[in-house]
Amino acid sequence: MNGEPEVHEEFEARLKAYEGRPAAATGVGRDPVNEPMIRHWCEAMGDTNPAYTGPDAIAPPTMLQAWTMAGLSRRPERTAAYDELLGLLDESGHDAVVATDCEQEYLRPLRPGDDITFDSVIESVSGRKTTKLGTGYFVTTRTDIRAGGELAGTHRFRILKYAPARRPKASNAPKERRPRPVVNRDNAGFWEGVARHELLIQRCTGCGTLRFPWLPGCNGCGSLEWDTVEASGEGTVYSYVVMHHPPFPAFTASDHAAAAAGPFAVGLIELAEGVRIISNVVGVPYDKVRVGMPVRLCFRQYDDELVLPVFQEVTR
């Protein structure tokens, strides 16, 4: 439908009628819990907990959703009820979507070889909410995940289906500023270094382990004593995502060699020192960023206050 989204009590009653109906029925994990996926997860997260290796290994609890994820294809266990609910919101003008949060409860550890089954229910549909993105409805699904028929965990996933807010186009509208980093007593030294155009990595003075992001203590030996080393600035793209929607005017075309405020690439950069940092990959089109791409640190001044470390492609 065109124009303003449909909003009235009868419409919200239609949405509420979907509460309690299945969103996915008799789902089966594509693969049993397995060591390769656990290893890849731990490598990506930098998690060296010994509980996740060896003959008695368990899967990291936060992998709970990984065993049920559908990949790029539509899964047969998804129900018509869930599709109808999303279609109803689309037709009423709430055709944009953003994931907002998830909650997980762990009831028993998962181990390699466990066969996963799951069922999902539409747990709740909120009343009409107004957010900065626009006006819409929060839809929450609850997935019960079982291993060998025994309940192993619960995953709640919440999305916002919304009608994008209209942005003012007045020429005198103030320019949007980039979000400010959260600075606290544990990371203030890092941001002080950035202001001086230095990328500082913490080094435990007890065992010599380098760590990033900054933490109050060492994960390796527990020492609270540390100093810093300055990164050389050399690195490679370890992984990346491309941000498509919603667009942020504060992220300008000059940052990303794009024609608009998005899409743009956000990279997980592995520094030559062995630690990883999340930052923007700049000076190259977002669709040209690749895993393994060599990059070099640079610093950009975005306004009178904000300096950020970013990475640009190293051209041979």
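## A three-stranded sheet

Which residue stands opposite Gln202 in S9? In this predicted model, the residue is Thr228. The two strands involved are S7, residues 200–204, and S9, and they pair in the antiparallel sense. Five bridges hold that pairing.

S7 and S9 belong to an open sheet of three strands. The order is S8-S7-S9, and the pairing is antiparallel. S8 and S9 are the edge strands, each pairing on one side only. Strands of a sheet pair through backbone hydrogen bonds, in either a parallel or an antiparallel sense.

## Aromatic pairs

How many aromatic pairs does the structure hold? There are five. One of them joins Phe11 and Tyr137, with ring centres 5.9 Å apart. Their planes stand at 70 degrees, so this pair is edge-to-face. Phe11 sits in helix H1 (residues 9–16) and Tyr137 in strand S5 (residues 134–147). The pair therefore ties together parts that are 126 residues apart in sequence. Phe11 is buried, at 0% relative accessibility. Tyr137 is buried as well, with a relative accessible area of 0%.

Trp214 and Trp226 form another edge-to-face pair. Here the spacing is 5.1 Å centre to centre, with 65 degrees between the planes. Trp214 lies in the loop between strand S8 (210–211) and strand S9 (226–230), while Trp226 lies in S9 itself. The two are 12 residues apart. Is Trp214 buried or exposed? Trp214 is buried, with a relative accessible area of 9%. Trp226 counts as partly exposed, at 36% relative accessibility. Both tryptophans belong to a cluster linked by ring pairs, together with Phe190, Trp191 and Phe212.

## Arginines over rings

Two arginines lie over tyrosine faces. Arg178 lies over the face of Tyr302, at 4.0 Å from the ring centre. Arg276 lies over the face of Tyr238, and its distance from the ring centre is 3.7 Å.

## The largest pocket

What is the volume of the largest pocket? The value is about 1200 Å³. The pocket is lined by 39 residues. Closest to its centre are Phe212, Pro213, Arg276, Ile277 and Ile278. Phe212 is also part of the aromatic cluster, and Arg276 is the residue over Tyr238.

The lining divides into 25 nonpolar, nine polar and five charged residues. Several elements give two or more residues to it. Among them are helix H2 (35–45), helix H4 (188–195) and S8. Strands S11 (264–271), S12 (276–282) and S14 (307–313) also do so. S12 gives the most, with five residues.

## Strand S12 and its partners

Five of the seven residues of S12 are buried, so the strand is largely enclosed by the rest of the structure. S12 runs antiparallel to S11, and five bridges join the two. In this pairing Gly267 stands opposite Ser279. S11 and S12 form a hairpin with four residues between them. Gly274 is in the turn and has a positive phi of about 105 degrees.

S12 pairs with S14 too, in the parallel sense. That pairing has two bridges. Which residue of S14 stands opposite Val281? The residue is Phe311. In a regular strand the side chains alternate between the two faces of the sheet.

Terms used
Residues numbered from 1 in each chain as written. Predicted model: local features only at pLDDT ≥ 70, side-chain atom pairs only at ≥ 80, totals over all residues. Heavy atoms only, no water. Phe/Tyr/Trp six-rings, centres within 6.5 Å; stacked < 30°, edge-to-face > 60°. Buried < 20%, exposed > 50% of the residue type's maximum accessible area, 1.4 Å probe, protein only. Lys NZ or Arg CZ within 6 Å of the ring centre and 35° of its normal. Pairing = 2+ DSSP bridges. 1 Å grid on protein atoms, 1.4 Å probe; cavity = no way out; pocket = protein on both sides within 12 Å on 5 of 7 lines; lining within 4 Å. Points joined across faces, edges and corners; volume = space filled by probe spheres on them. Nonpolar A, V, L, I, M, F, W, Y, C, P; charged D, E, K, R; others polar.
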